[in-house]
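Trainee: Could you take a close look at one part of this model with me? I would like to start from a single residue and then see how the rest of the chain is arranged.

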Amino acid sequence: MKEQRVEAVERALSIIECFSANERELTLTEISQLTGLYMSTILRLCGSLERYGYIVRLSTGQFRIGPSLWRLGSLYSQGFEQAEVIRPRLREVVEATKETATFYVREGCDRVCLFRETSPQSLRFDLDEGVRLTMERGASAHVLRAYSKDARPEDEVIRQAGFAISEGERTPNVTAVAVPVLSSGGALRGALGVSGPSFRFDAPAKELALSSLRNAAALLNSHE
């Protein structure tokens with residue numbers, strides 16, 4: 001079936017996607033540079049987004065995320081009561097590896113970081129909870145695809161091994177290790193991952209990360 005798309009909606013969503021923990025407030029020019037949209041188009045779209053509370057325009061002329069997204073985010077997170085179970089496991093992984101631990105789920109053609117516990121080290125890999133990333137690169141992406149219906153023949157290697165490792169695939173000089181989290185019936189629930197600077201991921205560090213992730217996944221696999 002042909003993919004259904006509405007370009008105006010996608011343009012509006014591309015504006016919302018510009019904001020992050022590091023970019024909480026953006027000027028019209030900055031949004032234009034990030035989206036590639038004309039300023040006149042951005043103003044029209046932001047008018048509609050502001051009307052529904054997704055964007056707020058400040059007295060300085062800058063834009064920031066509006067309260068409607070917080071409300072929707074709260075509703076979304078309430079659908080994942082496993083947060084109370086997953087976060088402790090992530091903290092245990094961070095304590096063991098001293099690297100950032102994440103839990104991803106697949107949503108269509110993307111993966112979403114639902115939960116993240118940050119490394120205590122000053123030089124670390126970090127990202128925002130809720131960030132949407134491609135399914136084409138990264139250890140967690142490989143795991144999620146390998147255990148999905150659209151798995152490729154080459155993904156059998158990951159299923160046999162029970163884990164994936166990526167080195168510099170999505171972010172240069174960052175290594176990641178990931179394992180699947182499965183239900184008692186074998187259905188994919190998500191992917192647990194550890195990420196950090198590649199220079200710290202020698203062979204023993206990779207083994208420690210894999211062992212910690214497997215222990216955490218085993219606990220999560222038995223908890224539904």
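Trainee: Which residues is Arg-145 in contact with, leaving aside its neighbours within four places in sequence?

Mentor: Happy to walk you through it, and please keep in mind that this is a predicted model. Leaving aside neighbours within four places in sequence, Arg-145 is in contact with Arg-106, Met-135, Glu-136, Asp-150, Ala-151, Arg-152 and Asp-155. Arg-145 itself belongs to helix H6, which covers residues 139-146. Its relative accessible area is 10%, so Arg-145 counts as buried, the cut-off for that class being under 20%.

The helix around Arg-145 shares that setting. In H6, 8 of the 8 residues are buried, so this helix is largely enclosed by the rest of the structure. If you want to click through them, the buried residues of H6 are Ala-139, Ser-140, Ala-141, His-142, Val-143, Leu-144, Arg-145 and Ala-146.

Ser-212 makes a good companion to Arg-145. This serine sits in helix H8, residues 203-221, and counts as buried at 10% relative accessibility. Not counting residues up to four places away in sequence, Ser-212 touches Val-93, Ala-96 and Thr-97.

Just along the chain from there is Lys-98, in the loop between helix H5 (83-97) and strand E4 (100-107). Lys-98 has a phi near 65 degrees, a positive value in a residue other than glycine. With a relative accessible area of 39%, Lys-98 is partly exposed.

Asn-173 also deserves a look at its backbone: although not a glycine, it has a positive phi of about 65 degrees. You will find Asn-173 in the loop between strand E7 (164-167) and strand E8 (174-182). Asn-173 is exposed, and its relative accessible area is 62%. Now draw a line from Asn-173 to Tyr-38: their C-alpha atoms are separated by 35 Å, and the two residues are 135 apart along the chain. Tyr-38 is exposed as well, with a relative accessible area of 66%. Tyr-38 has its place in the loop between helix H2 (28-35) and H3.

That loop brings us to how the helices pack. Two packed helices are described by the angle between their axes and the distance between the axes. For H2 and H3, the angle is about 105 degrees and the axes are 10 Å apart. That angle makes H2 roughly perpendicular to H3, since the range for that label is 65 to 115 degrees. On the H2 side, the contact is made by Leu-28, Thr-29, Ile-31, Ser-32 and Thr-35, and on the H3 side by Met-39, Ile-42 and Leu-43. By class, the residues of this H2 and H3 contact divide into 5 nonpolar, 3 polar and no charged.

H3 (residues 39-51) also meets helix H1 (residues 7-16): their axes come within 10 Å and cross at roughly 85 degrees. This crossing makes H1 roughly perpendicular to H3. Here H1 contributes Ala-8, Arg-11, Ala-12, Ile-15 and Ile-16, while H3 contributes Thr-41, Ile-42, Leu-45, Cys-46 and Leu-49. The contact of H1 with H3 has 8 nonpolar, 1 polar and 1 charged residues. Ile-42 is listed on the H3 side here, and Ile-42 is listed again in the contact with H2.

One pair in the H1 and H3 contact is handy for getting your bearings. Ala-8 lies in helix H1, and its C-alpha atom is 9.7 Å from that of Thr-41, with their places 33 residues apart along the chain. Ala-8 is partly exposed, at a relative accessible area of 39%.

Now step back to the chain these parts belong to. Its secondary structure comes to 8 helices and 9 strands. Along the principal axes, the C-alpha trace spans about 55 × 45 × 30 Å. The radius of gyration is 19 Å, which agrees with the value near 17 Å that a compact globule of 224 residues would have. Of the 224 residues, 41% count as buried, Arg-145 being one of the buried residues. The accessible surface of the protein chain comes to about 12800 Å², and 52% of that area belongs to carbon and sulfur atoms. Finally, among contacts between residues at least 6 apart in sequence, 52% join residues at least 24 apart.

Methods:
Residues are numbered from 1 along each chain as its sequence is written. This is a predicted model: local features need pLDDT of at least 70, side-chain atom pairs count only at pLDDT 80 or more; totals for chains, interfaces and linings use all residues. Side-chain values use heavy atoms; hydrogens and water are left out. Axes are lines fitted to C-alpha atoms, for helices over the stretch in contact, and angles run from 0 to 180 degrees between N-to-C directions. Helices (H or I, at least four residues) and strands (E, at least two) are DSSP runs, numbered from the N terminus. Angles under 35 degrees count as roughly parallel, over 145 as roughly antiparallel, 65 to 115 as roughly perpendicular and the rest as oblique. Contact means heavy atoms within 4.5 Å. Ala, Val, Leu, Ile, Met, Phe, Trp, Tyr, Cys and Pro count as nonpolar, Asp, Glu, Lys and Arg as charged, and the others, Gly among them, as polar. The radius of gyration is taken over C-alpha atoms; the globule rule is 2.2 Å times the number of residues to the power 0.38. Buried means under 20% relative accessible area, exposed over 50%, partly exposed in between (1.4 Å probe, protein chains only). Accessible areas come from the Shrake-Rupley method with a 1.4 Å probe; for residues, only the protein chains shown count as cover.
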